[in-house]
Amino acid sequence: MIAREANFDGLIGPTHNYGGLSDGNLASSRHAGLVSSPRGAALQGLEKMAAMAEAGLWQGVLPPQQRPFLPALLQAGFSGSDAQIFTQGWADAPRLMKNLMSASSMWAANAATVSPSPDCADGTLHLTPANLSTMLHRSIEHEQTGRALSRAFPFAAVHPALSGQSVFADEGAANHVRLCGEREGQGVELLVYGRDGYAAARPGYPARQTIQASRAIARSHKLDPARTVYILQSDAAIDAGAFHNDVVCVGAMQTLFYHELAFADTAQMKADMTRAALGLFDPIFVEVSNADVPIADAIKAYLFNSMLVQMPGDDRLTLIAPLETQENAATRAYCETLMSGNGPIGNVQFVDVRQSMQNGGGPACLRLRVTLTEHEWAQVHTGNKFTPALHNTLKDWVNTHYRESLSPDDIRDVSVMTESFEALDALTKIMDLGDDFYPFQRG
Ligand code: SUG
């Protein structure tokens with residue numbers, strides 16, 4: 001049975017804004033308070049999906065979440081009508097409100113950790129929504145993410161998120177790489193963590209993923225311990241702004257493409273990966289030195305937060321990088337070297353996802369990779385499959401419901417909430433998600 005990798009992108013929600021909410025994410029801090037364009041952002045995201053689908057890749061779409069997230073306001077003691085809760089929230093707890101307005105579920109790489117069926121002892125696709133417990137605005141995503149994933153993948157094992165306690169802090173596929181020889185065969189799963197959950201917090205920026213979370217996921221996904229590798233992120237990478245490993249590393253098929261400073265012990269990583277892949281495939285390591293691309297440039301230009309894909313008919317891999325990678329001298333030069341060489345990555349394409357980039361989300365953050373057999377792809381909920389027809393419908397939907405611009409003052413306006421709920425209500429019909437998909441629909 002043939003298997004392929006599908007990309008499920010997070011559809012960017014109507015409240016997309018620059019809240020400056022993510023400590024350690026330099027782009028989020030740098031662009032705090034900027035006027036955003038929810039419409040522009042969503043259309044950029046749709047263009048990327050369309051480009052991948054047109055190239056012949058399997059492409060899916062995941063719905064945005066309800067923002068403001070009123071259930072958290074009820075939990076915090078606010079009461080009354082939706083409008084009263086919203087207004088009171090801004091009056092009494094503006095910082096909380098900012099967190100509850102974020103459209104952060106667009107970064108689908110953080111939606112869940114995904115283990116394809118050939119890697120799991122029960123031959124089932126396993127997904128665990130990430131609790132995203134390190135950041136308040138992201139910790140409210142996992143329940144709705146679970147609902148969305150169960151809807152999209154009715155045949156899969158969708159687990160509840162891990163405990164929200166800090167020992168089990170989990171950021172999903174952003175700290176997970178799967179390498180394989182053939183997609184339909186067993187692969188090696190690399191789980192990258194930033195800290196031991198029982199140890200004292202590190203000074204500096206937070207490390208968002210614990211080894212306890214990674215191990216718990218590997219157990220519940222029934223991964224083969226001999227084919228599973230755990231690797232520590234380097235302090236240098238986290239301190240330079242690599243809040244997720246996918247800011248300094250991406251892998252596909254046999255190839256791992258990463259910055260020299262990404263891991264605490266690169267030699268150990270290579271040895272462990274090579275041992276875990278023994279008898280399956282020979283891993284290929286494409287290591288970028290700090291001399292060629294200083295880590296500050298790699299993170300600013302998001303060279304590694306690219307999608308590494310195998311285009312139909314191509315032997316070599318294609319890097320789908322953000323425009324910012326083309327604009328930075330060091331990363332552009334590196335891409336030219338890649339294309340003129342004869343390594344496993346033979347092509348680079350640039351996409352415009354600037355609205356998301358300004359919050360620290362590149363092309364790779366916007367998508368969740370799910371390796372599926374043809375049989376599984378056939379069972380994916382039709383409403384989640386990206387087609388030219390759905391593309392057109394979603395473009396119209398965005399143009400009808402989304403604001404061209406949204407300032408930090410605008411998001412305090414109750415009409416942003418009503419417009420947003422109207423948009424999401426319409427979306428549940430477009431994507432056939434049911435009329436009880438969002439909390440506001442359930443009353
Ligand atoms: O969690 N930014 C996200 C970006 C996530 C990127 N994902 C991956 N690397 N896979 C984050 O830090 C910023 C929101 C704001 O500041 O408004 C934000 O949440």
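In this predicted model, Arg183 lies in the loop that runs between strand S6 (176-180) and strand S7 (187-193). Although placed in a loop, Arg183 is buried, with a relative accessible area of 11%, which means that it falls under the 20% cut-off for that class. Leaving aside residues up to four places away in sequence, Arg183 touches Ala3, Arg4, Glu5, Pro118, Arg178, Met253, Gln310 and Thr371.

One of these contacts, Glu5, leads on to the salt bridges, of which the structure holds 16. The side chains of Glu5 and Arg369 meet in one of them, with a distance of 3.5 Å from N to O. This pair links distant parts of the chain, since Glu5 belongs to strand S1 (residues 3-10) and Arg369 to strand S15 (residues 367-373), 364 residues apart. Both Glu5 and Arg369 are buried.

A salt bridge within a single helix is formed by Arg275 and Asp272, whose closest N and O atoms are 2.8 Å apart; the two residues are three apart in helix H10 (residues 266-277) and therefore separated by about one helical turn. Arg275 is exposed, at a relative accessible area of 56%, whereas Asp272 is buried, at 13%.

Between two helices, the side chains of Glu327 and Arg354 meet in a salt bridge of 2.7 Å, N to O, and this pair again links distant parts of the chain, with Glu327 in helix H12 (residues 323-327) and Arg354 in helix H14 (residues 354-357), 27 residues apart. Glu327 counts as partly exposed at 47% relative accessibility, and Arg354 is partly exposed at 28%. Returning to the starting point, salt bridges that share partners join Glu5, Arg183 and Arg369 into one network.

Note on methods: Residues are numbered from 1 along each chain as its sequence is written. This is a predicted model: local features need pLDDT of at least 70, side-chain atom pairs count only at pLDDT 80 or more; totals for chains, interfaces and linings use all residues. Side-chain values use heavy atoms; hydrogens and water are left out. Helices (H or I, at least four residues) and strands (E, at least two) are DSSP runs, numbered from the N terminus. Buried means under 20% relative accessible area, exposed over 50%, partly exposed in between (1.4 Å probe, protein chains only). Contact means heavy atoms within 4.5 Å. A salt bridge is a side-chain nitrogen of Lys or Arg within 4 Å of a carboxyl oxygen of Asp or Glu.
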